[in-house]
Amino acid sequence: MELVTIEEWAAAAGFQDNEIVSKLKQYAAKVSEASGMFNLTGFKTIEQIESELVVKSLVPFVGENVPRGTKFADLGTGAGVPGIPFAICFPGVEGVLFDSNGKKIDFINRTLGELKIDNVSASKVRIEEAGRQNIFRGEFDLVLSRAFAEVYVVLEMAAPFLKVTGRLFVYSKLTFDELPSGVIKHAVRLGLEPASENAANLSRHGLVFEKVKKTPGLYPRRYPIIKRDSEAFLAGK
C-alpha cells in the first residue's frame, strides 16, 4: 500500500493554502494521539492516518465546485472522516457529523474546539432517528458516506436528509452496473436516482445519487429492517 502524505497530495493537486494544509496535519496528529487511548480508527501510524483517512477523503473533491453555503451531513463519521477534512478544505460550507458512538463524538467536539473549526458540529444520535427529525430532514445539499454501511443501507439512511436537488456521495469502488437492480429500485423509491453526466468527475471515485423528489415519510425504517433487506439483496434474493 503506497502512502501519500498530506503535503505530497497538496503539491500534486496544486493545493497551495498552507494554513489549510497545516490544519489537516494537526487533525491527523490528533487522530493518531487519540487512537493510542481508545479504538478510534484501525490505522495505527500517522502515515496511514494522513494517507488513508485524510487524503482519501479529499481526493474525490479535487477540482469540484463546492459552493459557499453548502450544507452537508457526514453519516457514521467515526473519527470525523470525511467530514472534518472536507470542512477544513472548504471553509465556506456548513456541516453536521453524525455518529452514535459517544467517545468518538467527544473526540470530534474536542478537536473542533482545539483546531477552531467552526463550520461543523457533531451530533450523537442514531442515523435513522436523526433522519426522522424535522431539524435535519430535507435540510442538506450534500450527504457524504464513507465506510458506514452497505449501499442499500446508506441509501435509506441518507435520502431523508437531502433537499430535492441535493446529492449523496458514497465513497465506493463499486459502479452502478455492479449494484443489484433491487438496490437501484430502492433508490428510486427513496426519491433518488443515479447522478447525471455533470457529476462525471466525482463519479470516478464513488457512487453519486441525486435527490429528484421528496422521500416518503415511511423512510427511514428501523435499522434491523433495513439491514435485513440489505442482506437479502446481497444474497441474491
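## A tour from strand β4 to T215

Start by selecting L144 and F169: in β5, F169 is the bridge partner of L144. What you have open is a predicted model, so treat each stop as a look at that prediction.

**Stop 1: β4 and β5.** Widen the selection to the two strands. β5 covers residues 162-171 and runs parallel to β4, with five bridges joining the pair. Now follow the chain between them: from β4 the path goes through helix α7 (residues 151-158) to β5, a β-α-β crossover that is right-handed.

**Stop 2: the β1 side.** Next, add β1, residues 71-75, to the view. Four bridges join β1 to β4, and these strands are parallel too. For a pair to click on, try A73, whose bridge partner in β4 is V143.

**Stop 3: β4 itself.** Is this strand mostly covered or mostly uncovered? Show the surface and select residues 140-145: β4 is mostly covered, with five of its six residues buried. While the side chains are on display, keep in mind that in a regular strand they alternate between the two faces of the sheet.

**Stop 4: the entire chain.** Zoom out and colour by secondary structure. You should find ten helices and seven strands in the protein chain. The radius of gyration is 17 Å, close to the 18 Å that the globule rule gives for 237 residues, so the chain is as compact as a globular protein of that length. Along its principal axes, the C-alpha trace spans about 45 × 35 × 35 Å. Of the 237 residues, 50% count as buried. The accessible surface comes to about 11,400 Å², and 51% of that belongs to carbon and sulfur atoms. If you draw contacts with a separation of 6 or more, 70% of them are between residues 24 or more positions apart.

**Stop 5: T215.** For the last stop, go to the loop between β7 (206-211) and α10 (223-234), where T215 has its place. T215 is buried, with a relative accessible area of 5%.

Which residues is T215 in contact with, leaving aside its neighbours within four places in sequence? Select R137, A159, P160 and L190 to see them. L190 deserves a closer look: its backbone oxygen lies 2.8 Å from a polar atom of the T215 side chain. Then turn to K211, whose side chain is joined to that of T215 by a polar contact of 3.2 Å.

Note on methods. Residues are numbered from 1 along each chain as its sequence is written. This is a predicted model: local features need pLDDT of at least 70, side-chain atom pairs count only at pLDDT 80 or more; totals for chains, interfaces and linings use all residues. Side-chain values use heavy atoms; hydrogens and water are left out. Buried means under 20% relative accessible area, exposed over 50%, partly exposed in between (1.4 Å probe, protein chains only). Two strands pair if DSSP finds at least two bridges between them. A crossover is right-handed if, with the strands pointing away from the viewer, the path from the first strand over the helix to the second runs clockwise. The radius of gyration is taken over C-alpha atoms; the globule rule is 2.2 Å times the number of residues to the power 0.38. Contact means heavy atoms within 4.5 Å. Accessible areas come from the Shrake-Rupley method with a 1.4 Å probe; for residues, only the protein chains shown count as cover. A polar contact is a pair of N or O atoms within 3.5 Å; within protein, one must be able to donate a hydrogen and the other to accept it, and residues adjacent in sequence count only if both atoms are side-chain atoms.
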